[in-house]
Amino acid sequence: MKIFFFQFIICLFFLAPSCASGDILVVQSFPIKPYNDALNGFRSVCKTRINKLVGPGLSEAEIMAKVRRNRPDLILAIGMDALDKLKTIKSIPIVYVMVLTPQAQLRDGGNFTGVSMNIAPERQLSLIREILPHVRKIGIFFDPDKSGFYVARAYNAATLMGMELLTKKVQSSREAVAAIGGMKGKVDALWLFPDTTVVNPATIDILLLTSLENNIPVITFSDKYAEKGALLSLEVDAVESGKQAGEMAVKILGGANVNSVMNEDARDSILTVNLIVAKKLGISINGNVIKHARVIR
């Protein structure tokens, strides 16, 4: 029995994810909680030596100097700014996390892979249909340069699910605000993506207020917007995204070619429901949904 137990423990040791054979350089855009959470998630899966660079003030030259000194086996880029400053590196595997639109940044990403801040459109649309079964037509404003790739995926997913997306291309915040009025009577809900042309400090309050005035429920990507007046938000779980990135690092440092480790959408998310807004819009939210969501009352 003791021999069997010992063999079992040895098996667990070798099967458990570990990055003990490599050094990792972490480049983090900002010292903010979601990015820190992602790093904590990464560390929980990939336990190895980590050197960390943090700050929006870091120049590309400073990062390159650190890379030359440390000669890491892998680089973890946390945030879009960090990823942007690493694009010229071609000889070291780079895993990214907490990046909104990696496709827009990585035209030739042969040594890059990672976890985007996108949640699969199929999952989001399924959730919308579960919570708002009356919704068939969904309005979307988007900047093609920032979220065109994701909108194309969403459009295909909606078509397969028997739902209709009414999309409007915008190139400025002013166009986004002007477009909301044209949605009245044409859509059952408005779906906001993490597209900074559309959603930013200058537009969000107007978009949410106008939607409420026109009885259009808003589905968004951050709980801070649910607190401001969106009906629902579905946002990336930063800790779990960090774990995803850690699993990728385990594979690469274990010998897998970075090209064989495919980039992924965030697999876990956090749902927030604003019941105050639901009441104003005359929408009843299923109790089972409320049980599994963060609720604003």
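**View 1. Gly139 and its partner in β8.** In this predicted model, Gly139 stands opposite Leu190 in β8. The strands here are β6 and β8, the latter made of residues 189-191. They pair in the parallel sense. The pairing runs over 2 bridges.

**View 2. Strand β6 and its cover.** Strand β6 spans residues 137-142. Is this strand mostly covered or mostly open? It is mostly covered: 5 of its 6 residues are buried. Strand β7, residues 164-169, is also joined to β6. The two run parallel, with 6 bridges between them. Phe141 stands opposite Lys168 in β7. How does the chain get from β6 to β7? It crosses through helix α7, residues 144-160. This β-α-β crossover is right-handed.

**View 3. The open sheet of 7 strands.** Strands of a sheet pair through backbone hydrogen bonds, either parallel or antiparallel. In this sheet the pairing is mixed. Follow the order of its 7 strands: β7-β6-β8-β9-β10-β12-β13. Why do β7 and β13 each have one side without a neighbour in the sheet? They stand at the edges, each with a single partner strand, so nothing in the sheet flanks the other side. Strand β13 covers residues 294-296. On average, neighbouring strands of this sheet are turned by 20° against each other, direction ignored.

**View 4. β9 beside β10.** Strand β9 holds residues 218-220, and strand β10 holds residues 232-236. They pair in the parallel sense. 2 bridges link them. Find Ile219, then look across to β10: its bridge partner there is Leu232.

**View 5. Leu166 in the edge strand.** Leu166 sits in strand β7. Is Leu166 buried or partly exposed? Its relative accessibility is 22%, and buried means under 20%. Leu166 therefore counts as partly exposed. Met183 lies 17 residues from Leu166 along the chain. Their C-alpha atoms are separated by 8.7 Å.

**View 6. Strand β4 between β3 and β5.** All 6 of the 6 residues of β4 are buried, so this strand is largely enclosed by the rest of the structure. Strand β3, residues 74-78, runs parallel to β4, and 4 bridges join the two. Leu76 stands opposite Val95 in β4. β4 also pairs with β5 in the parallel sense, over 5 bridges. Val99 has Ser116 as its bridge partner in β5.

**View 7. Leu74 in strand β3.** Leu74 is found in strand β3. Its relative accessibility is 0%, so Leu74 counts as buried. Now find Ile92. Leu74 and Ile92 are 18 residues apart in sequence. In space, they are 6.0 Å apart, C-alpha to C-alpha.

**View 8. The largest pocket.** Rolling a probe the size of a water molecule over the atoms shows where empty space is left. The volume of the largest pocket is about 1,000 Å³. How many residues line it? The count is 45. Nearest its centre lie Leu100, Met117, Pro194, Phe221 and Ser222. Several elements give two or more residues to the lining. Among them are helices α2 (33-45), α5 (102-105), α10 (223-228) and α11 (238-253). Strands β4 (94-99), β5 (112-119) and β10 do so too, as does α7. What kinds of residue make up the lining? It divides into 26 nonpolar, 8 polar and 11 charged residues.

Methods: Residues numbered from 1 in each chain as written. Predicted model: local features only at pLDDT ≥ 70, side-chain atom pairs only at ≥ 80, totals over all residues. Heavy atoms only, no water. Buried < 20%, exposed > 50% of the residue type's maximum accessible area, 1.4 Å probe, protein only. Pairing = 2+ DSSP bridges. Right-handed = clockwise from strand over helix to strand, strands pointing away. Axes fitted to C-alpha atoms, helices over the stretch in contact; angles between N-to-C directions. 1 Å grid on protein atoms, 1.4 Å probe; cavity = no way out; pocket = protein on both sides within 12 Å on 5 of 7 lines; lining within 4 Å. Points joined across faces, edges and corners; volume = space filled by probe spheres on them. Nonpolar A, V, L, I, M, F, W, Y, C, P; charged D, E, K, R; others polar.
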